[in-house]
Amino acid sequence: MTTLKNRCAWCEKDDLYRKYHDEEWGNPVFDDAKLFEFLILETFQAGVSWHLILKKREHFRKAFLDFDYKQIAYFGDYEVQELMKDAGIIRNTLKIKSAISNAKAFIKVQEEFGSFSNFIWGYVEGKPIMNQFTSLSEVPAFTPLAEKISKDLKKRGFKFIGPTTMYAHMQATGMVNDHLLSCWKRS
């Protein structure tokens, strides 16, 4: 699986990271279901490595009904308790409950804007911000825009979505392109 490509250095840990980097990270995502999946995964990532989240991604997919926000919005105490028993995911009551409240808030944003995609991509006028970084040390943990979006989402009822989490979401879903200039994904 490892081919000789110039990649962003953060992804060279193993094939799972390289695959994610090569096939997903930074690719613009406009599909609401996929945007919600990344939102949930990013909120669970707070305090743990993204690599761990990627390793548990399929478990998350199963536990959260293929990230179906319409069903997750109806989760109650029973589902929270069942998820807390699932060793395949990050078992944190606050994060599990935030996934439920985020599903509800996500639906409200869809109702207001026609789609979550319309809302979130409106912050960048529908086009990725193309950063020009030459080294990982230049890539910020968050930006003023991520902070602005985070505050807006919190006002709308979203949880565990601080500016660092929001910026990671923006990177993952291609709202910002932080592939280094030397990376093959930039050619």
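Let's start at cysteine 8, which is buried, with a relative accessible area of just 1%. Keep in mind as you look around that this is a predicted model.

Cysteine 8 has a partner worth finding: the nearest cysteine sulfur belongs to cysteine 183. Cysteine 183 is buried too, at a relative accessible area of 2%. So are these two bonded or not bonded? Their sulfurs sit 3.8 Å apart, and that's too far for a bond. A disulfide needs the two sulfur atoms within 2.5 Å, so this pair doesn't make the cut. By that rule, the disulfide count comes to zero.

Now move along to asparagine 131. You'll find it in the loop that runs between strand 1 (129-130) and helix 8 (144-155). Although it's in a loop, asparagine 131 is buried, with a relative accessible area of 16%. What does its side chain make a polar contact with? That would be the side chain of aspartate 178, at 2.6 Å. Leaving aside residues up to four places away in sequence, asparagine 131 touches Tyr167, Val176, Asn177, Asp178 and Arg186. Aspartate 178 therefore turns up both as a polar contact and among the residues touched, because touching here just means heavy atoms within 4.5 Å.

For a change of scene, head to aspartate 77, in helix 5 (residues 77-84). Is aspartate 77 buried or exposed? It's exposed, with a relative accessible area of 63%. Look across to lysine 97 as well: aspartate 77 and lysine 97 are 20 residues apart in sequence, and their C-alpha atoms are 9.0 Å apart in space.

Conventions: Residues numbered from 1 in each chain as written. Predicted model: local features only at pLDDT ≥ 70, side-chain atom pairs only at ≥ 80, totals over all residues. Heavy atoms only, no water. Helix = DSSP H or I, 4+ residues; strand = E, 2+ residues; numbered from the N terminus. Buried < 20%, exposed > 50% of the residue type's maximum accessible area, 1.4 Å probe, protein only. Polar contact = N/O pair within 3.5 Å; in protein donor to acceptor, adjacent residues only side chain to side chain.
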